[in-house]
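Here are my notes on the model you sent round. Have it open while you read, as the points go from one spot to the next.

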Amino acid sequence: MCGFSREEALGKTWQELTPEEFHPASLRAVEEITTRGEITPYEKQYFRKDGSRWWGLFAARRLGDGVVEFVLDVTGRREAEDALRASEEHRKVLIGELNHRVKNTLAVVQSIASQTLGNASTVEEARAAFGSRLINLAKAHDILTRESWSGAPLAEVVADTINPHGENRFRVDGPHLQLAPSAALAIAMALQELSTNAAKYGALSSDAGQVDIVWRLDGDDRRLNLTWTESDGPPVEPPKRKGFGSRLIERALAQELGGKVRVAYEPSGVVCTIDAPVPQRRDVLGGNG
């Protein structure tokens, strides 16, 4: 148990061989052996020859003029119990995180439903728009799930957005940038909304249409500048009123990123610009999990 050979142990006391980790019960043990002749078993740590620690179950009883001490190595059991407690704590953390994410997701779904139904002209239009936005939300969650909700690279968020429409319709360029989960979800939802609108009314609705998605980091304060630019599609006219999609892109995205988002309806195509600060850690954008 202590790592000493027989030759090293002979002639030495137990305390010399293995200085024990202080335990409050040690003080009680001295009193117990003196007053009633035995010690109630208790567990405490000891040191091995190499300095490592181990757990021992200690007990003692007075026998004649001497004392018989009993020590059982229970390190394995203690480690198993510690692992079980750690696993239980981990399970509680996971459940708490899951509850947090479910509540956030339901809040997003509630907002999508409220805004979509409140702005639709017909039941059919509301059903189609609501279903499309739920699919977009699910796709955004897929990206984060693949990354175990630690965040997602901006390039991967963009790639998942353009994949259904054909990569040959897009020009994508920008440095590596790791997004925090909340920022990845917000940008993914915004890009999905832009691509859906482009497929219905903009550049992606015609065979010749193109979309440029370009981002860079600007200035000493390192700000993200991302631009979505449509071209060679049908002429674009500003909508008479802003729907949920526009508000999602301009307001919700700007609030989540702590920056500015602008959607311009140029005759040549829709242009969306995102300007947001990058946190101190250079490869991460967005801080709310």
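**Notes on the model**

1. Let's start with the rings: the structure holds three aromatic pairs (rings of Phe, Tyr and Trp, the last by its six-membered ring, pair if their centres lie within 6.5 Å; planes under 30 degrees apart count as stacked, over 60 as edge-to-face and the rest as tilted). One of them joins tyrosine 42 and phenylalanine 58, with ring centres 5.8 Å apart and planes at 70 degrees, so the pair is edge-to-face. Tyrosine 42 sits in strand β1 (residues 38–47) and phenylalanine 58 in strand β2 (residues 53–63), so this pair ties together parts 16 residues apart in sequence.

2. Before going further, some housekeeping. This is a predicted model, in which local features need pLDDT of at least 70 and side-chain atom pairs count only at pLDDT 80 or more, while totals for chains, interfaces and linings use all residues. Residues are numbered from 1 along each chain as its sequence is written, and side-chain values use heavy atoms, with hydrogens and water left out.

3. Are the two ring partners buried or exposed? Tyrosine 42 counts as buried at 10% relative accessibility, and phenylalanine 58 is buried too, at 6%. (Buried means under 20% relative accessible area, exposed over 50%, partly exposed in between, with a 1.4 Å probe and protein chains only.) Over the whole protein chain, buried residues make up 37% of the 289.

4. Now the overall build. The protein chain has eight helices and eleven strands (DSSP runs numbered from the N terminus: H or I of at least four residues for helices, E of at least two for strands). Its radius of gyration is 33 Å, well over the 19 Å that the globule rule gives for 289 residues, so the chain is more spread out than a compact globule. (The radius is taken over C-alpha atoms, and the rule is 2.2 Å times the number of residues to the power 0.38.) Along its principal axes, the C-alpha trace spans about 105 × 40 × 30 Å.

5. On contacts (heavy atoms within 4.5 Å): among those between residues at least 6 apart in sequence, 57% join residues at least 24 apart.

6. Histidine 141 is worth a click. Its home is helix α5 (residues 123–146), and at 16% relative accessibility it counts as buried. Leaving aside neighbours within four places in sequence, histidine 141 is in contact with Thr105, Trp149 and Leu185. Arginine 62 is 79 residues away from histidine 141 along the chain, and their C-alpha atoms are separated by 67 Å.

7. Set beside that, take valine 271, in strand β10 (residues 269–277). The C-alpha atoms of valine 271 and leucine 194 are separated by 9.7 Å, with their places 77 residues apart along the chain. Valine 271 is buried at 19% relative accessibility. Not counting residues up to four places away in sequence, its contacts include Thr227, Trp228 and Arg262.

8. Two helix residues to finish. Arginine 78, in helix α4 (residues 75–119), is buried with a relative accessible area of 17%; beyond its neighbours within four places in sequence, arginine 78 touches Glu43 and Trp55. Threonine 196, in helix α7 (residues 181–200), is buried at 18%, and with neighbours within four places again left aside, threonine 196 is in contact with Ser132 and Asn136.
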